[in-house]
Amino acid sequence: MFWNKSQIDTDPDKIEDILTRGVEDAIVLESIRTKLSSGKKLRIKLGIDPTSPDLHLGHSVVLRKLRAFQDLGHTAVLIIGDFTAVVGDPTGKSATRPALSTETVEKNMKEYISQAGLIIDTKKAEIHHNSDWLAKLPFSEVYRLAAFINVTQILERSDFKNRLQSGSSIKIHEFFYPLMQAYDSVEIKADVELGGNDQLFNNLVGRTLMEKLDLTPQDVLTVSLLEGTDGIAKMSKSLDNYIGLRDKPNDMFGKIMSVPDSLIIKYFNLCTNKETSEIEEISAKNPRDQKIALAKEIVSMYHGKSVAEKAEKNFIDTFSKKEVPTDIQEIIGGGKMLSEIFVEAEVIQSKTEFATLIKQGAITNLDTGEKPSDIRISASPATYRIGKHRFLKIK
RNA sequence: GCGCAGGUGGCGGAGUGGUCAAUCGCAAUUGGCUGUAAACCAAUCGCCCUAUGGGCUACGGGGGUUCAAAUCCCUCCCUGCGCACCA
């Protein structure tokens, strides 16, 4: 057996799946196909933005794509953009992004890698910090490289274009962002670079730069961006429309159920391993059942099958049958005011909120079925429901 | 350095001496409808209290004028734009 060959899986079906599922752009498609079929071990680059440590399903899309390459035996090369994070990536932003401290970056990265481990095999991946080479690059070299990149092209990017038109500032260092990212590709000799579709431009600069430096230009494969639970904007923590990979099973299940119907199939395609045929089968069902299948599938992926089944049961009992969930947060009453206990348990923000909720009839004592109307009632042992999905058991 | 325009609640963005805890939109919360979807209707949306009322804190920071300031003055910090400097 020729171990150096046999390590790479060149199954045409798997290759087609990689090239199509969730893929937005493949440049150059034929080239990637050829590379994948060649049996050569490829270096697949993914740049990581170390600004936020919490991964969500949005991040999972590209990581899953990377995993697919790993499964065929290729090398995942993660580039931690520690150097670039200090600069601030202008992509998609309407304003200059603030720089991060190196300590924050390091802390974020540790967490990031640990969470990415839920999807890719981080032990087999090559991990680099781009400060390793970017920080050492002499200015003369930077200057030389900069001559390969055309500002007119960069200005075509809508984010820059908008800022230019509205008269807001664009700093020179922001122009360097694509260049730096491109240089990463040069440095690690990437065969294929992955990214979200919003990164297409940056990734293509990598191609250009490699070509100019007489390297084989990398190919670029971008995946679709995933909308968040609001169904409108790209999933992101700052918009609070995200489903975190580390979310508690019940939360995860609930959040997925709150995703608009129109996105169910997209979620299936981008976030799960379900076969296309299976997805088609599911799409024939009514939306609620589709979504339950989706939620169950995703929760299984991150928490295991049995936990997912429990989450499903919890969901159906609590919301469909309107029963009381089984695993409710518990707290000792100790004769305090109910409002105090609620604040203490962090199910509400303030006593003022408590008063509002009481007024609105949002609080129910599930043991007696009563809705307290007095703000100043004491916390006797009982189970309370606050609004639709907050529960607290007082002992 | 000079000039101009700004810094208001999670965001956008009104308000330019009292009627401002601050119009409005988005987001959020709650109730209704429901599939914890969407859409729609209604209400709420600084904090605290001895609670259809009262108090406190808040409009970049600090100080001042005034019976009274988010609103006027001084000062500092920050952001953007223009000019100058430099080349």
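Reader: What is the strand order in the open sheet of 6 strands?
Author: The order is 1-6-5-2-3-4, and the pairing is mixed. Strands here are DSSP runs of E, at least two residues, and helices are runs of H or I, at least four, numbered from the N terminus. Two strands pair if DSSP finds at least two bridges between them.

Reader: Is this predicted, and how is everything numbered?
Author: This is a predicted model: local features need pLDDT of at least 70, side-chain atom pairs count only at pLDDT 80 or more, and totals for chains, interfaces and linings use all residues. Residues are numbered from 1 along each chain as its sequence is written, while chains are lettered from A and ligands numbered from 1 in the order in which they are written.

Reader: Back to the sheet. Which are the edge strands?
Author: Strand 1 (23-27) and strand 4 (126-129). Each pairs on one side only.

Reader: Strands 5 and 6: parallel or antiparallel?
Author: Parallel. Strand 5 (residues 192-196) and strand 6 (residues 219-223) are joined by 5 bridges. Leu194 has Leu221 of strand 6 as its bridge partner.

Reader: What does helix 11 touch?
Author: Helix 11 (residues 172-188) packs on the sheet and touches strand 2 (43-48), strand 3 (75-80), strand 4 and strand 5. Contact means C-beta atoms, placed from the backbone, within 7 Å.

Reader: New topic. How many residues lie between strands 9 and 10 in their hairpin?
Author: There are 3. Gly387 sits in the turn, with a positive phi of about 65°. The two strands run antiparallel, with 5 bridges.

Reader: And what stands opposite Asn365?
Author: Tyr384, in strand 9.

Methods. Contact = placed C-beta atoms within 7 Å. Axes fitted to C-alpha atoms, helices over the stretch in contact; angles between N-to-C directions.
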